Amino acid sequence: MKLTEILSGNANVAEWESKGYELPKYDIAAVAKKTHDEPTWVHFGAGNIFRAFPAAILNDALNTGKYDRGVIVAESFDYEIIDKAYRPYGNLSLLVSLQSSGTIEKKVIASVTESLKADFQFAEDWARLVEIFKAPSLQMVTFTITEKGYSVAPADLERGLTPVFAMGKLTALLLERFKAGQLPLTLQSTDNCSHNGDKVKAGVLAYAEKWVNDGLAPKEFLAYVKDNKKISYPWSMIDKITPRPHEKVQAMLAEDGFEDNNTIITEKKTFTAPFVNAEEVQYLVCEDDYTNGRPPLELGGALYTTRETVDQVETMKVTTCLNPLHTAMSIYGCMLGYDLISAEMADDDLRAFIQKIGYIEAMPVVTDPGVLNPYEFIGTVINKRLPNPFMPDAPQRIATDTSQKLPIRFGETIKKYIARGLDMDNLKLIPLVLAGYARYLKGIDDNGNAFEPSTDPLLEELQAIVAPLEIGKADQDYSCLKKLYTRKDVFGLDLYEAGLGNQIEGYVKELYAGNGAVRKTLHKYVSVR
């Protein structure tokens, strides 16, 4: 069983389907030809998340028979991905959905019709990209290049019309589209960062302004990329976990007889494969602002709405329904000796901890975005996403840069309690998370063993604040905590001014009482309600 068999028409369909593999229901060759001749969608970023999500929902849309165009992928950073994970397999891949039940679902993805290296050194590929960007049919360019992919370096701006960074290459292609008649286009980031469309716009404008000032492009080009009726930059919220190729998945595929189960590691340390394993749950919410139409990705489950609603969904996820729960589990998971989030979900105290933070304490300040129900979102997080045995996520990874996350993940909720005049006495467990941070900073777990706190730009500075405190020492001076919990840069506000400082101090004293105090304190407060 090989992916190329499907392209050649030599696949034993009955064998594939008997082993639980879903094959494309459309004519792959016809879609590829139609896409080549009249392209509608180019995606920058050939990594695993693209194949597991944007390409997969397009595959679902094609399976309905209501659409006839695929997506062309362009890789602007790690060109080995194209040579090793796309072209040898005719651009097909296998999506393996990792179910919380411990089973897998398998679907062949054939919606990617071309794979190109987005760089001037690859003359044939670059010429094809120019041809695509000149096509009036092109509607949308999307991105999964990570947040740092939108960066603009002064040195790259000085390279003129042959930049190295992704946003520079994009702008060079937009200049070709401008020359072809100022054709409209939408640039849609699908990276997991807030207000992501603004990052695309900032990058494009930086290069366009530089080129116009240097006489490399006409001033009308800058007006073109600034005109939202010509070039739009909508926001989106994307949420799906796509881990590296999983050994357990490889073994399950090999047992089926699926031969394309090898892991590929590029020189740039990208981990990929002909298959992609990803969690079953996914969300893509997009601002519906397209200047030249768009592919009907709603047929595959994408949600289209207003910019305000996208922002509300993002806020719901980041400040209530997912990210705060992750941070609570990371702080306490490290102290209780866990190294897997999924294992933590079998701990009654930790499970109750995050349930009550989400459903009881944070929910009163959530604005329901309408397109996604907050209660259902949390329910999916708690019952499907976090317990998934295939997800090798560790509290130690999530605890990275905690000082930078606390202001958004908890500070914003506290601020909303204050602004809306809500009863602060209802906050019991969010203060316990923040108290746990002072205990976590000691780097000593609940059994008295040392552990290494995760990297954080403020780690040494904050550890110095709690350095006078000792675990198990009676009647010690806790006044140093005022230096910690008044830090607006760490918590988003002065927690004493917010009326929570003394409560948090009391929790810290309990957490420092001795070995076993973390468990005892956690159990005590999650059992209250």
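**Exercise 1. Asp475 and Gln182**

Decide whether Asp475 is buried or exposed in this predicted model, and state where Asp475 lies.

Solution. Step 1: the relative accessible area of Asp475 is 82%. Step 2: exposed means over 50% relative accessible area. Asp475 is therefore exposed. Step 3: Asp475 belongs to the loop between helix 21 (459–466) and helix 22 (481–485). Step 4: the phi angle of Asp475 is positive, near 55°, in a residue other than glycine.

Now do the corresponding work for Gln182: in which loop is Gln182 found, and how does its accessibility class follow?

Solution. Step 1: Gln182 sits in the loop between helix 9 and strand 8 (185–189). Step 2: its relative accessibility is 30%. Partly exposed covers the range between under 20% and over 50%, so Gln182 counts as partly exposed. Step 3: Gln182 has a positive phi of about 50°, although Gln182 is not a glycine.

**Exercise 2. Ser93**

Determine whether Ser93 is buried or exposed, and list what Ser93 touches beyond four places in sequence.

Solution. Step 1: Ser93 is found in strand 4 (residues 93–98). Step 2: with a relative accessible area of 2%, Ser93 is buried. Step 3: leaving out residues up to four places away in sequence, Ser93 touches Leu3, Arg51, Lys107, Val108, Ile109 and Pro274.

**Exercise 3. A sheet of three strands**

Work out the order of the strands in the open sheet that contains strand 14, and say which strands stand at the edges.

Solution. Step 1: the order is 10-14-15, and the pairing is mixed. Step 2: strand 10 (236–239) and strand 15 (303–305) each have a single partner strand, so they stand at the edges, and one side of each lacks a neighbour in the sheet. Step 3: neighbouring strands of this sheet are turned by 15° against each other on average, direction ignored.

Next, explain the mixed pairing from the individual strand pairs.

Solution. Step 1: strands of a sheet can pair either parallel or antiparallel, through backbone hydrogen bonds. Step 2: strand 10 and strand 14 (residues 283–287) pair in the antiparallel sense over four bridges. Bridge partners here include Ile238 with Leu284 and Asp239 with Tyr283. Step 3: strand 14 and strand 15 pair in the parallel sense over three bridges. In this pair, Val285 has Leu303 as its bridge partner.

Finally, sort the residues of strand 14 by the way they point.

Solution. Step 1: in a regular strand the side chains alternate between the two faces of the sheet. Step 2: Tyr283, Val285 and Glu287 point one way, while Leu284 and Cys286 point the other way. Step 3: five of the five residues of strand 14 are buried.

**Exercise 4. Two helix pairs**

Classify the packing of helix 14 against helix 16, and name the residues that make the contact.

Solution. Step 1: helix 14 (residues 323–335) and helix 16 (residues 348–362) pack at an angle of about 150°, with their axes 10 Å apart. Step 2: angles over 145 degrees count as roughly antiparallel, so helix 14 is roughly antiparallel to helix 16. Step 3: their crossing is right-handed. Step 4: helix 14 contributes Leu325, Ala328, Met329 and Tyr332 to the contact, and helix 16 contributes Leu350, Phe353, Ile354, Ile357 and Gly358.

Repeat the classification for helix 9 and helix 10.

Solution. Step 1: helix 9 (residues 166–179) and helix 10 (residues 196–213) pack at about 65°, with their axes 9 Å apart. Step 2: this makes helix 9 roughly perpendicular to helix 10. Step 3: helix 9 passes helix 10 in a right-handed crossing. Step 4: residues in contact include Met167, Leu170 and Leu174 of helix 9 and Val200, Tyr207 and Trp211 of helix 10.

**Exercise 5. The nonpolar cores**

Find which residues have the most contacts inside the largest nonpolar core, and which helix gives the most to this core.

Solution. Step 1: the largest nonpolar core has 80 residues, and those with the most contacts inside it are Tyr332, Phe353, Ile414 and Tyr485. Step 2: helix 20 (residues 429–440) gives the most, with nine residues. Step 3: beyond four places in sequence, Ile414 touches Met424, Leu427, Ile430, Leu434, Leu493, Leu495, Ala498 and Leu500. Step 4: another core, of 56 residues, lies apart from the largest one and has Leu58, Val73, Leu98 and Ala110 among its members.

Notes. Residues are numbered from 1 along each chain as its sequence is written. This is a predicted model: local features need pLDDT of at least 70, side-chain atom pairs count only at pLDDT 80 or more; totals for chains, interfaces and linings use all residues. Side-chain values use heavy atoms; hydrogens and water are left out. Two strands pair if DSSP finds at least two bridges between them. Axes are lines fitted to C-alpha atoms, for helices over the stretch in contact, and angles run from 0 to 180 degrees between N-to-C directions. A nonpolar core is a set of buried Ala, Val, Leu, Ile, Met, Phe, Trp, Tyr and Cys residues joined through side-chain atoms within 4.5 Å. Buried means under 20% relative accessible area, exposed over 50%, partly exposed in between (1.4 Å probe, protein chains only). Contact means heavy atoms within 4.5 Å. Angles under 35 degrees count as roughly parallel, over 145 as roughly antiparallel, 65 to 115 as roughly perpendicular and the rest as oblique. A crossing is left-handed if the near helix is turned anticlockwise from the far one by less than a right angle, and right-handed if clockwise.
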